[in-house]
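Visitor: I'd like a close look at the enclosed empty space inside this model. Could you take me through it in one go?

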Amino acid sequence: MTEPLKAKLVAMLAVVYPEQECEPLADQLLTTMGLDADHPSPPAHQNNWDQSDVILITYADSLQKAGQKPLVTLREFLNQRLSETVSAVHILPFFPYSSDDGFSVMDYLAVNESHGDWEDIEAIAGDFKLMADLVINHMSARSRWFENFRKRIDPGRDYFFEGNPRDDLSAVVRPRTSPLLTPVQTDDGERHVWCTFSEDQVDLNFANPQVLIEFAGIIRYYLERGVSLFRLDAVAFLWKEPGTPCIHLQQTHELIKILRLLIEHHSPDAVVITETNVPNRENLTYFGNANEAHVIYNFSLPPLLINTLVTGDCRHLKTWLMSMPPAQMGTTYLNFIASHDGVGMRPTDGLLSEDEKQRLINTMDSFGGKVSYRRTSDGRDQPYEINIALYDALKGTAQAGADHFQLQRFLCAHTVMLALEGIPAFYIHSLLATENDHERVENTGRLRSINRSQWSVDSLDQVLQDPRSHHAQAFEELKRLIAIRRKQAAFHPNATQFTLHLGLQVFGFWRQSTRRDQSIFCIHNISDQTQQIALSDINLIGTDHWQDLISGMTIDDLSGCITLKPYQSVWLSNRE
């Protein structure tokens, strides 16, 4: 017999709040979520996804149309151009905000009026699975809660984490170079609030259980508006204890378990995704024992895959892939190679040498990219992320600079991503092959704006209707590849995966469906030179009929070779 929900919740709360009476707190959380103490548990290790799942990542206002709210424009674009391509849409923070393109939330329960309203959000959720950000680590310094913090009244008085400038905070892991503590004047004197990311993003105080209860109410509100995928933004920094690194603390992991427990009991098909831009070994801990995140971002993939394609050497990508544990049933990876943020460098720690990281940075700089920094515990500034549009990140090689293989290299990157274990996610500006937006960087003063362009739909329609434009060529080919992927049982996010050893210029891996009735050998020439691969090295089963799903080529002689042009990929399958 499974343990009742309330008993599970009380045990988890006792880890976070050992000095609190946890039964009343559990009752408050259950009431807030509309659950009873004996609410039935969802099936264990249930996969709420399959090979047809593909996610689009976009801002609410990435697409613009005169006289129309952006959320309406987005829904039109999705239904007209992507209804058969993506199954889910991640709309980046669509709430009223004061900075950071939405991540300084002023009101969690409102839609930014300039974007649209909750009816627009619900309409998109009616057509696609909807992923939304739970910006849980911090809130805007211009929010009502923070105004109440200054006035020393509820709700908000004790909702934000305070630090003492006299404490030794040298061990705190920083993702930015800005000061950690910000002095603010309140009605009972000066206080120092904790700001992991910026002085406008004040960290919330989960040591106050009332903050957890507030977020339970926010989560229920989102669920009732159609959100089924929850991205826990910057969640690794959630719990603070001066004298520690203040990242990945046990209380943070326990809070994620609590949130997942509440979410999946309310909606068994909902999914919790943790956004933890940290070294790979640390990132993997957010699966817990299949009781924390359902899905974790594969943060090491973007820098390693870009590095592979600009160097023509897959050694590090292959080593990393071999080290990745298969996700348990009920958990999986989120594969992406571009997002609204930059290409994280911390996830390359232990995977690339310092010289290799610097060569990658230099190459991206030569292709128009910028570098953002973080402050280390010894006061040094270290590269944190590379800010660049993916299409321009792949415009050439580290050795020879820009060349004429930009589109092929770009498509190769996505062909790799589509085939890997996990759920693929496409940033809208990758799907459209948008280039660096230097003008937007100048206008905003923020390096991340280089990859946060806004398209006029009239301009976008023009380039997508022009078969000569690289935007149209990339968009149509990516849609074609996605359509192929969505039909293959061997591309289920939890299907078996093994790495192939085909040299340093050819990156390959094998996927096999969970029923073992389909195998796909995914082979990619990641160099600017033609490569020949002996079919005997791939070990195709002689009694099966093999065909490349991408080109339609059939394999008739298993003793022969296949020739791959620069950046060409094949998906050799024993089933069409």
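Visitor: How many cavities of 30 Å³ or more does the structure hold?

Guide: Keep in mind that this is a predicted model. The structure holds four cavities of 30 Å³ or more. The largest of them has a volume of about 420 Å³, while the second largest comes in at about 40 Å³.

Let's start with the largest cavity. Its lining is made up of 38 residues, and the ones that lie nearest the centre are R231, E275, N277, D341 and R448. As for secondary structure, α9 (301-311), β13 (343-344) and β15 (381-387) are the elements that give two or more residues to this lining. The top contributor among the elements is α9, which gives three residues. Sort the lining by class and you get 20 nonpolar, ten polar and eight charged residues.

Now for the second largest cavity. Its lining consists of F161, L204, N205, F206, A207, L238, W239 and K240. By class, that's six nonpolar, one polar and one charged.

For a contrast with empty space, try strand β18 (residues 423-427): five of its five residues are buried, so the strand is largely enclosed by the rest of the structure. On one side sit I423, A425 and Y427, on the other P424 and F426, and both faces are covered. Strand β1 (residues 55-58) runs parallel to β18 and is joined to it by three bridges, with L56 partnering F426. Strand β12 (residues 332-335) is also parallel to β18, through two bridges, and here N335 partners P424.

Definitions and conventions. Residues are numbered from 1 along each chain as its sequence is written. This is a predicted model: local features need pLDDT of at least 70, side-chain atom pairs count only at pLDDT 80 or more; totals for chains, interfaces and linings use all residues. Side-chain values use heavy atoms; hydrogens and water are left out. On a 1 Å grid over the protein atoms alone, a cavity is a set of points where a 1.4 Å probe fits but cannot get out, and a pocket is an open set with protein on both sides within 12 Å along at least five of seven lines; lining residues have an atom within 4 Å of a point. Grid points are joined across faces, edges and corners, and a volume is the space filled by probe spheres set on the points. Helices (H or I, at least four residues) and strands (E, at least two) are DSSP runs, numbered from the N terminus. Ala, Val, Leu, Ile, Met, Phe, Trp, Tyr, Cys and Pro count as nonpolar, Asp, Glu, Lys and Arg as charged, and the others, Gly among them, as polar. Buried means under 20% relative accessible area, exposed over 50%, partly exposed in between (1.4 Å probe, protein chains only). Two strands pair if DSSP finds at least two bridges between them.
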